[in-house]
Amino acid sequence: SALAQRPSENARAYKLYVEAKSMFASSNNRAKYDEIVEKLEEATRLDSKFAAAFAELAYVNSTMFFYAAIDSTPVRAARAQRALAEAQRLAPESGPTHVATGYFAYACLADYPAALRSFEAAVLSNPNDGTVRFTLGLVLRRLGRPVEAAVELERSVTLDPLDPRHHANLVQSLMTLRRYSEVVALAERRNRLREGSRKFSLEVVRARFELDGDRALLGQSLKELAADVVGGEKADRLADAEMAAGNYAGALRVLSDPQIEAQLLGAPLLKNFLLRAQLASGLNRPEEIAVVAGRARSFTRAIQGARFSEFEAVRADMLLAALEGRKADALEAMDRLRGSTKDDQFSGLINKFQIATAYLVLGDKAEALAGLKSVMTGPNPGDVGPRSLHLHPIWSRLNGDPRFEAVVELGHLFGTL
């Protein structure tokens, strides 16, 4: 179409649009997202008929709404909707408009069937567009079609091999399917594209451990990763290394550093609290559980209201109640959790594992192992592989238990999915 050939006749508007799209591929904080939005809004002011810029603006605002740590407010969703309405008015059948329509349904409305319809329409318009394949892969995961999702995400990486979002989500899907050798091969191919880089991600380190079970190498690799990062991420890697060595007291000490905690916001802070509470449980430190749980509850109350944060808050409340011995509260949270993601099967994978973990904390080993069996015989959360269970601060208490080891072995026997 003429629009595809020349999205804007205003050179300045087009330059801002290209800059914004380039920045978006690597955006990871609020300030950068705000700058992208400013560029796109200026582009649309310079050219009020620039449909692709309106579509991109809707897509970026929807992305910001999706992440609680960025801006999961009704105002942000309304800004996405306004930009989308302009794109739909100017170019209702264009590929970028279909993508923006689908992503608004996905990120702001959690209407995955509607998102799928829009993304499939976008594929017909632009079958060789990496973003189209990427967004289609995302919604297929939510709809419980993980193998098809991996196919689309792999296509997105082939089309945009250096886009970190496409690569990270493909790795996540491959980990979910326990296709660990493919994760390693993908990382090696990507490093060749990055001029011989030898850096590997946390997921690759985990994938290698699931393949070889070498705890010493795992710990060494985690320390090497820690050397390249700072703050909370550094503490996480060092704590992971301590857990690989079975030193839960050391892991708890690393994560409890007040200077580290002061640097954390959003989901990383909640993750820190939850892992500390689980480590304290493994070390039989009820007073420490109570302190950390109280602070975590204050945090979950603050994030309730944002859709995806709500899931995280309920999961946290369930696990904390179990760790504190409040069985009735934990069971009530389980019921809420089961209902909250019935239409989101990707989040449901995390829920299944966390519910099984809570049952184990509560002392119901039969229910816990039944839940874990469901996880080990189907897609699993990406960071929950069969071998990693032996390092988990809660599940490791069953190491050597014949029934537990039999369930873990199912994860190996079931193989890749």
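Q: Which residues of helix α21 are exposed on the other side of the helix?
A: In this predicted model, Ala328 and Asp335 are the exposed ones. To earn that word, a residue needs a relative accessible area over 50%.

Q: And which residues of α21 are buried?
A: They are Ala330, Ala333, Met334 and Leu337. Here the cut-off is under 20% relative accessible area.

Q: What makes the buried residues of α21 line one face of the helix?
A: Look down the helix axis: the buried residues of α21 fall within an arc of 110°, so they sit along one face.

Q: How do you know that the length of α21 is close to what is expected?
A: Set the two values side by side. Helix α21 covers residues 327–340, which is 14 residues, and reaches 20 Å from its first C-alpha to its last. At 1.5 Å a residue, 20 Å is also the expected span, and the helix is close to it.

Q: Why does Ala114 count as buried?
A: Its relative accessibility is 16%, and the limit for buried is under 20%, so Ala114 passes the test. You will find Ala114 in helix α8, residues 112–125.

Q: How far is Ala114 from Gly102, in sequence and in space?
A: The two are 12 residues apart in sequence, and their C-alpha atoms lie 6.8 Å apart in space.

Q: Why is Thr63 called buried?
A: Thr63 has 4% relative accessibility, so it counts as buried, the cut-off being under 20%. This residue belongs to helix α4. Leaving aside residues up to four places away in sequence, Thr63 touches Phe24, Tyr33 and Tyr103.

Q: Does the 10% relative accessibility of Thr44 make it buried or exposed?
A: Buried, since a value under 20% is what that word asks for. Thr44 is part of helix α3, and beyond residues up to four places away in sequence it touches Ala53 and Phe54.

Q: Which residues touch the most other members of the largest nonpolar core?
A: That core has 64 residues, and Val60, Tyr103, Tyr106 and Val139 touch the most other members. Helix α4 (residues 51–66) supplies the largest share, 11 residues. In soluble globular proteins, nonpolar side chains tend to be buried together.

Q: What does Tyr103 touch?
A: Not counting residues up to four places away in sequence, its contacts are Tyr59, Ser62, Thr63, Phe66, Cys108, Phe119, Thr135 and Leu138. Apart from the largest core lies another, of 54 residues, with Ile260, Leu275, Leu319 and Ala358 among them.

Q: What makes the pair of Asp34 and Arg30 a salt bridge?
A: The closest N and O atoms of Asp34 and Arg30 are 3.0 Å apart, and the limit is within 4 Å, so the pair qualifies. Side chains of opposite charge can pair when their charged atoms come close.

Q: How do you know that about one helical turn separates Asp34 and Arg30?
A: They are four residues apart in helix α3 (residues 30–46), and that spacing is about one helical turn.

Q: Why are Asp34 and Arg30 called partly exposed?
A: The relative accessible area is 26% for Asp34 and 33% for Arg30. Partly exposed is the range between the buried limit of 20% and the exposed limit of 50%, so the name fits Asp34 and also Arg30.

Q: Which residues are linked with Arg30 and Asp34 in a network of salt bridges?
A: Asp71 and Arg76 join Arg30 and Asp34 in that network.

Q: What makes Glu148 and Arg145 a salt bridge?
A: Their side chains meet at 2.8 Å, N to O, which satisfies the limit of within 4 Å. Glu148, at 38%, is partly exposed, and so is Arg145, at 29%.

Q: How do you know that Arg326 and Asp329 form a salt bridge?
A: Use that cut-off of within 4 Å again: the N to O distance for Arg326 and Asp329 is 2.7 Å. Arg326 is partly exposed at 28%, and Asp329 is partly exposed at 40%. A search of the whole structure finds 26 salt bridges.

Q: How do you know that the radius of gyration of the protein chain agrees with a compact globule?
A: For 417 residues, a compact globule would have a radius of gyration near 22 Å, and the chain has 22 Å, so the two agree. The C-alpha trace spans about 65 × 45 × 40 Å along its principal axes.

Q: How many helices and strands does the protein chain have?
A: There are 24 helices and zero strands.

Conventions
Residues numbered from 1 in each chain as written. Predicted model: local features only at pLDDT ≥ 70, side-chain atom pairs only at ≥ 80, totals over all residues. Heavy atoms only, no water. Helix = DSSP H or I, 4+ residues; strand = E, 2+ residues; numbered from the N terminus. Expected span 1.5 Å × (residues − 1). Buried < 20%, exposed > 50% of the residue type's maximum accessible area, 1.4 Å probe, protein only. Arc of directions from axis to C-beta. Core = buried A, V, L, I, M, F, W, Y, C linked by side-chain atoms within 4.5 Å. Contact = heavy atoms within 4.5 Å. Rg over C-alpha atoms; globule rule 2.2 N^0.38 Å.
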